[in-house]
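Please load the model in a viewer and keep the selection tool at hand. The stops below are given in the order in which they may be selected.

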Amino acid sequence: MKFLISSTFILFFGILTTFSQHSISGKIIDNQNQPLPFTNIILYKIGNEANPKGTISNDDGEYKIENISSGKYKIEFSMLGFETQKIKEFELNSNKKFNITLKEESQLLNEIVVKSKRPVIKQTAEKLVVNLEKSEMINTSLQDVMRKVPGVLVTNNGISIAGNTGVRILINGKTTEYMDVETLLSDFPADNIAKIEVVEQPGAEYDASGSGAIINIILKKNVKLGTHGSVNSWIGEDEGLEWGTGFSIASYKNKLNWQTSLNYSQPTWRDDLFLVRTVGDETYDQVTREPYDPDNFRISGNLDYYLNDHHSIGIGGLISTRKSDRIASSKTIISDTNNTNILLSENSFDRERSNFNINPYYEYKTDTDKLVIDFNYVDFVNDNTNILSDVAGSTVDFTNKKYIQEGNYTIKTYRADYSKTFSDNFKLSVGTRFADVKTDNDLQSFDENNNSFDKIDDESSRFVIDENIFALYTKINASYGKWSFSGGLRYEDSYTNGTSTFLKDGVLTTEIQKRPIQKIFPSASISREITETLGASLSYSYRIQRPSYNSLNSFVTFLDPYSGSEGNPDLTPSYTNKYQFNLTYEGQPFFTIGYSKTDDAIAQLISQSNSSAQIRQQETNIDNSYNWNFRLFAPVNFTKGLEGYTGVIVTSNNFHATILDKDIPGEFYKINLNKWNLIWFIQASYQLPWDVNLEVSGNYGTGALEGQIEVDWLAELDFSFGKKFLDDKLKVNLGFNKMLNRGFVGNIDYGNGTAEVESNGSRQNIQLRMVYSFGSKFGKKKASRNTNRDEENRINDNN
């Protein structure tokens with residue numbers, strides 16, 4: 001009832017407000033009386049310049065800004081190649097019309113061009129926005145760009161924010177189609193990125209899934225009038241020669257806007273594992289070397305048609321494939337006081353992945369209203385074959401094994417979002433979303449018998465998921481004086497049915513697990529301008545982390561005869577309450593305190609059986625998890641030509657789990673770990689002679705708690721040199737990555753034993769990237785449209 005009364009009040013308030021709204025319209029022409037399309041018109045309310053209204057003129061040079069409240073305003077008309085014209089102050093108490101003639105700018109020799117070197121960074125209560133469109137930095141890849149985001153650390157272990165590695169990466173609001181973070185960071189061209197949003201406190205408009213931050217990468221959306229494009233190529237050395245190339249082209253003419261891109265790459269890297277553990281009186285000293293050299297292919301395109309100033313339709317599509325053939329080699333020395341044995345094995349992986357996606361949409365947009373109706377279809381195939389076999393010289397016998405796993409995923413997502421701006425100080429958003437997901441994974445297990453493989457029915461199974469998620473949300477944004485507020489509610493009604501089919505004692509058996517969830521997820525933030533330069537904000541969000549689809553499979557896969565991973569069909573969602581306090585200085589991040597509490601947290605649990613000497617990795621619900629983090633940032637600009645950020649991040653993580661003993665039925669043991677750690681980081685660029693740009697990023701940490709692994713100190717250093725040629729059309733960058741890289745060194749607490757672990761990826765890496773841009777330079781900026789592919793995130797397949 002309270003919600004109904006509030007909604008009625010909001011609607012009544014909006015109706016009253018519209019009676020005091022006015023409009024400004026007119027036509028823009030040049031000295032030849034020709035209309036000027038795509039002219040920027042920006043309206044500022046005097047005293048509230050931070051929240052301007054704006055529009056662009058249409059093909060006939062006409063424009064209109066509607067629903068403006070009474071008051072004193074100033075207005076600005078600008079277009080590239082013409083002198084800006086301003087009306088500094090006027091009173092608006094009725095509809096007004098301004099017809100403007102813009103004069104061409106006179107061309108001057110030896111003019112001084114001022115360029116922004118550093119990206120524009122702005123911290124709000126909900127997210128940190130890094131705008132790269134107007135910056136002049138020369139970057140090679142997404143990895144270099146991510147290192148420019150204050151507080152985001154890119155290491156061998158992936159991306160972390162305030163000690164939390166559960167980061168979701170989206171591109172234009174969509175899940176990435178890449179197979180792993182390593183490829184995404186090194187292979188994605190930075191030249192296509194307009195801005196990056198780090199959303200630590202997602203509002204009601206975002207899906208409630210995920211306990212960590214969201215990194216949303218916004219791509220450039222054909223910002224130039226006419227036809228333009230770029231060609232990029234890169235070559236490097238990591239675990240051998242690696243290279244990639246890509247081509248993109250876009251065009252905007254009249255009402256038609258289209259873009260297409262094609263990319264191919266062969267990156268290389270490796271993941272090496274060193275593990276020393278004790279089982280009874282024996283020591284197991286394991287070394288596994290696992291190289292990667294996949295072939296990645298991706299072609300995408302989208303078409304937008306603008307029916308008129310307010311209505312547009314479009315369609316986007318994507319096809320991507322990836323093939324990965326590799327051999328992981330393992331050597332384990334098993335010794336006690338009297339004997340030493342050696343286990344040698346190879347695990348050959350043959351994996352093929354393909355992804356087809358199509359995404360039609362409709363959009364209605366005015367100065368005050370926006371409606372987006374969106375459909376997204378994904379057909380994903382992931383087929384894997386691997387053979388685990390012994391190697392000559394091994395003194396420990398085991399039976400060679402073969403696994404064939406076929407995976408098919410179909411995801412259909414329907415979405416509608418509507419927002420209404422009632423005034424400069426009040427905005428209402430509502431939306432709905434429905435996702436229909438079907439997954440089908442079939443695992444066949446084989447044992448070698450006389451140089452052939454026989455199927456093992458008891459180890460083979462089929463796992464099918466049928467899931468529906470229905471969501472409704474509402475959100476308001478309001479401001480009053482120096483105060484700003486946003487708050488929303490998201491309701492999600494979902495059910496997930498998991499069906500396992502397998503042979504048990506020779507009988508075909510079917511087990512069905514049902515998981516219905518109905519939850520309301522609130523989120524809110526409030527901020528205030530304390531002084532002209534200092535601001536403060538406080539935010540809260542409630543989140544759910546659903547298990548990845550693959551983690552629910554009961555399949556067991558082996559890295560070597562003694563170590564492997566298995567699914568967990570009993571895995572349940574976890575729920576997180578997150579709180580955050582920010583202080584900003586001139587809109588830039590300055591000081592942050594964050595706290596989160598997760599119930600039934602999902603974690604990668606590593607357990608050891610002392611009877612079989614096997615270790616298994618499995619996603620498991622552990623006890624409640626807590627995280628404190630404190631962040632202090634400062635700009636690096638103490639000398640001319642130097643720009644960047646430095647700071648310290650202090651976090652407190654814990655790991656509390658009650659684990660079933662694999663050797664003694666009915667017995668449990670507990671793991672209780674807590675650790676504080678400090679990380680210092682720096683991200684800076686410096687202008688060298690001859691317009692060469694030097695970029696440096698580095699970090700040092702005192703150690704951390706990664707699940708049940710207590711990691712020792714770590715350090716990393718990367719730098720690159722960039723320069724532009726051919727009237728800035730050609731960008732060249734030479735990058736040196738992981739020049740100082742200690743790797744991942746620490747100790748695992750199994751609860752019934754401990755182990756020393758070292759996980760090292762590639763060491764030093766060098767990469768040369770070149771990007772050549774062609775086509776028109778001038779034009780209009782189109783707004784990017786975000787769609788949602790949250791279910792694709794949960795495919796969670798690393799190959």
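**Charges over rings**

Begin by selecting K723 and F725: the charged end of K723 sits over the ring of F725, 5.5 Å from its centre. The model is a predicted one, and every distance in this tour is to be read accordingly. Next, select K420 together with F422. Here the charged end of K420 is placed over the ring of F422, at 6.0 Å from the ring centre.

**Aromatic rings**

How many aromatic pairs does a search of the whole structure find? The search returns 23. For one of them, select W628 and F630, whose rings are stacked with 6.1 Å from centre to centre and 5 degrees between the planes. W628 is partly exposed, its relative accessible area being 37%. F630 is partly exposed as well, with a relative accessible area of 27%.

Keep F630 selected and add W676. The ring centres of F630 and W676 are 6.4 Å apart and their planes are at 20 degrees; because planes under 30 degrees apart count as stacked, this pair is stacked. Which parts of the chain does the pair link? The parts are distant ones: F630 belongs to strand β39 (residues 625-635) and W676 to strand β41 (residues 668-688), with the two positions 46 residues apart. Is W676 buried or exposed? W676 has a relative accessibility of 52%, so it counts as exposed.

To view the wider arrangement, extend the selection to Y540, Y579 and Y595. Ring pairs link these three tyrosines with W628, F630 and W676 into a cluster.

**The second largest pocket**

Move now to D458, E459, S461, S554 and F555. Of the 24 residues lining the second largest pocket, these are the closest to its centre. The volume of this pocket is about 470 Å³.

Colouring the strands helps to trace the lining. At least two lining residues are supplied by each of β26 (401-423), β27 (426-449), β29 (461-480), β30 (483-504), β31 (507-529) and β33 (556-560). Which strand gives the largest share of the lining? That strand is β30, with 4 residues. By residue class, the lining divides into 10 nonpolar, 7 polar and 7 charged residues.

**R490 in strand β30**

Stay on β30 and select R490, which lies in this strand. R490 counts as buried, since its relative accessibility is 4%. Then add G431: the C-alpha atoms of R490 and G431 are 9.3 Å apart in space, while the two residues are 59 residues apart in sequence.

**F38 and M79**

Select F38, which is located in the loop between β1 (21-29) and β2 (40-45). Is F38 buried or exposed? With a relative accessible area of 11%, F38 is buried. Adding M79 shows a C-alpha to C-alpha distance of 7.6 Å from F38, across a sequence separation of 41 residues.

**Q123 and K127**

For the last stop, select Q123 in strand β9 (residues 120-123). Q123 counts as buried because its relative accessibility, 14%, falls under the 20% limit. Display K127 as well, and measure from its backbone oxygen to the side chain of Q123: a polar atom of that side chain lies 3.5 Å away.

Definitions and conventions. Residues numbered from 1 in each chain as written. Predicted model: local features only at pLDDT ≥ 70, side-chain atom pairs only at ≥ 80, totals over all residues. Heavy atoms only, no water. Phe/Tyr/Trp six-rings, centres within 6.5 Å; stacked < 30°, edge-to-face > 60°. Buried < 20%, exposed > 50% of the residue type's maximum accessible area, 1.4 Å probe, protein only. Lys NZ or Arg CZ within 6 Å of the ring centre and 35° of its normal. 1 Å grid on protein atoms, 1.4 Å probe; cavity = no way out; pocket = protein on both sides within 12 Å on 5 of 7 lines; lining within 4 Å. Points joined across faces, edges and corners; volume = space filled by probe spheres on them. Nonpolar A, V, L, I, M, F, W, Y, C, P; charged D, E, K, R; others polar. Polar contact = N/O pair within 3.5 Å; in protein donor to acceptor, adjacent residues only side chain to side chain.
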